[in-house]
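Hello,

Here is the structure I promised to pass on to you. Please have a look at it first, and then read on for what turned up.

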Amino acid sequence: MGVSLARGVVVRRLLAVDEEGTLSRLHVRIAAELAGVSERTVWRWLADGRRGHVEARPRQDGFSLSDPLWEVLAQAGGNVAELRRRMLRAQEEGALEEWGAQCVPSLPTLHRVIKRDLGAGRVLEVARPAGARAGVEPSPYDRALADLGFADGADGPAVVDGPPADVPVPEDAADAGVRAGGVRLYVPGARLVSTRQVAGVVEAVGHTVAARGMCCVYGDPGLGKTVAVEQALRLLPGRVPVWRAVAGVAPGLPQLRACLCEALGLPSGALTHRAGPAGQALERTLAEPGVLVVDDAQRLTPPLLDYLRQLWDAPGCAAALVLCGAGSERAVARASALRSRVLTWHQVGRLEPSQLQQTLGLFHPVWAQADPDDLARVDEQMAHGNFRTWAKITSHVYAARERDPVRRVDGELIEQACARLGCDVPVWCQWVVSVTACQVRVFSLLVGC
């Protein structure tokens, strides 16, 4: 049920209950759940309804940010005020229409439109903070980057990864659909692919390692953050130690210390509950050049992140710190002391439609003859550039081809594969399951059941 329709239905029922003199906050709360809005919004709707405005008032098409303006915003580092200044300069030069705009809106309007687009899933790929190379001289940085073997391949083609030279591939990896490093590919014969998004992560991690700083790699689940970080770590020279730690679910400080000690090869059993000796042992190990990678960093609370900051601030620390995870940027933002020390922020974007055919063809041979239009339609309706979703679709397409090898990978087969991924439970079903007996009685008053 759309919000505009829900508003009319909900407001009428609330007004009817209000006339009976039995309207309570519980009615409003359930109405808000039904409409998918906040209680404050429902109270505002009710106030308008008492003045005779039951239905939502029609709005004229407001200002929208075109793709060229969105690119200007990204170039401005996400600074909305700077975007408006550039729009004003373009208006004076008569070049505003080239950006797809007829006028320059107010600053609050720009903020509202950008917030709306970001909430709708529009990606703003901004490397922040600006001046990320501060404190690192250009020549030492470039020299260290060359020594590490990193290159900015943002404009290059996708590359198929070969198996790591120093990591044996398990014999049953092909049958299990799992490659070295624990990356689950869901289908035999699939290969890891280095896309432009992966190349961006490689460059960001390379910068951080060269500068011995902190890096936060974030993005939505399933976009390949861990895979990209692993690719960057594989490019490090063998003499650079890499310590991998995965944050547990709701860890405490002893659990975090044990996780770090285990990652750094320290006797965690003897040091876990001894804060002083454990901290000293961790500081001694981190005094050696290396890279500490903490995956699922969004699980760490501000006090735990501050503990990492204390280790990194210890005199003589020569290690780089890479924090990775979906929502890790929000977790780090809540730890202000650590946030101020992050050298590189990197958001992993979705797979672009122009990359689909080539990337999927490299990922698995089953996509070699697929129609690009079918791939584009499925990406728009189901996958939305999420590589993990595409891996699962590939698994079902592969299974169908195994059952019928002569069958062509067409739109019908791909749709059947997508149907096996399931869909979200309807909102009204989720609500009905969660209501109590009392709420059911109030709900019947609201919807007239």
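Let me begin with a cysteine. C259 has a relative accessible area of 18%, under the 20% limit, so this residue counts as buried. Please keep in mind throughout that the model is predicted.

C259 belongs to a group of buried residues in helix 11, which covers residues 253-263. The others in that group are L256, R257, A258, L260, C261 and A263. Just after helix 11 comes G265, and its phi is positive, near 75 degrees.

Next, the sulfur chemistry. How many disulfides does a search of the whole structure find? The count is zero. C259 is in no disulfide, as the nearest cysteine sulfur belongs to C261 and is 9.4 Å away. For C216, the closest cysteine sulfur is in C215 at 7.1 Å, and a disulfide needs the two sulfurs within 2.5 Å, so the pair is too far apart for a bond. C216 is buried too, because its relative accessibility is 0%.

Two backbone angles may catch your eye. Most residues other than glycine have a negative phi. D296 is not a glycine, yet its phi is positive, near 55 degrees. You will find D296 in the loop that links strand 7 (290-295) to helix 14 (302-313). With a relative accessible area of 21%, D296 counts as partly exposed. H384 is the other case: this residue is not a glycine either, and its phi is positive at about 55 degrees. H384 sits in the loop between helix 18 (372-383) and helix 19. Its relative accessibility is 43%, so H384 counts as partly exposed.

Helix 19 brings me to a helix pair. Two packed helices are described by the angle between their axes and the distance between the axes. Helix 17 (residues 356-363) packs with helix 19 (residues 387-403) at an angle of about 55 degrees, and their axes are 12 Å apart. The two helices are therefore oblique to each other, and their crossing is right-handed. Which residues make the contact? From helix 17 they are L356, T359, L360 and F363, while helix 19 supplies F387, W390, A391 and T394. Sorted by class, this contact has six nonpolar residues, two polar ones and no charged ones.

One more residue to look up is H111, in helix 6 (residues 107-119). H111 is partly exposed, with a relative accessible area of 43%. Its C-alpha atom is 6.8 Å from that of V80, although H111 and V80 are 31 residues apart along the chain.

Finally, some totals for the protein chain. The secondary structure comes to 22 helices and nine strands. The chain has 449 residues, and 43% of them count as buried. Among contacts with a separation of 6 or more, 72% are between residues 24 or more positions apart.

Happy browsing, and do write back with any questions.

Best wishes

Definitions and conventions
Residues numbered from 1 in each chain as written. Predicted model: local features only at pLDDT ≥ 70, side-chain atom pairs only at ≥ 80, totals over all residues. Heavy atoms only, no water. Axes fitted to C-alpha atoms, helices over the stretch in contact; angles between N-to-C directions. Helix = DSSP H or I, 4+ residues; strand = E, 2+ residues; numbered from the N terminus. Parallel < 35°, antiparallel > 145°, perpendicular 65-115°, else oblique. Left-handed = near helix turned anticlockwise from the far one by under 90°. Contact = heavy atoms within 4.5 Å. Nonpolar A, V, L, I, M, F, W, Y, C, P; charged D, E, K, R; others polar. Buried < 20%, exposed > 50% of the residue type's maximum accessible area, 1.4 Å probe, protein only.
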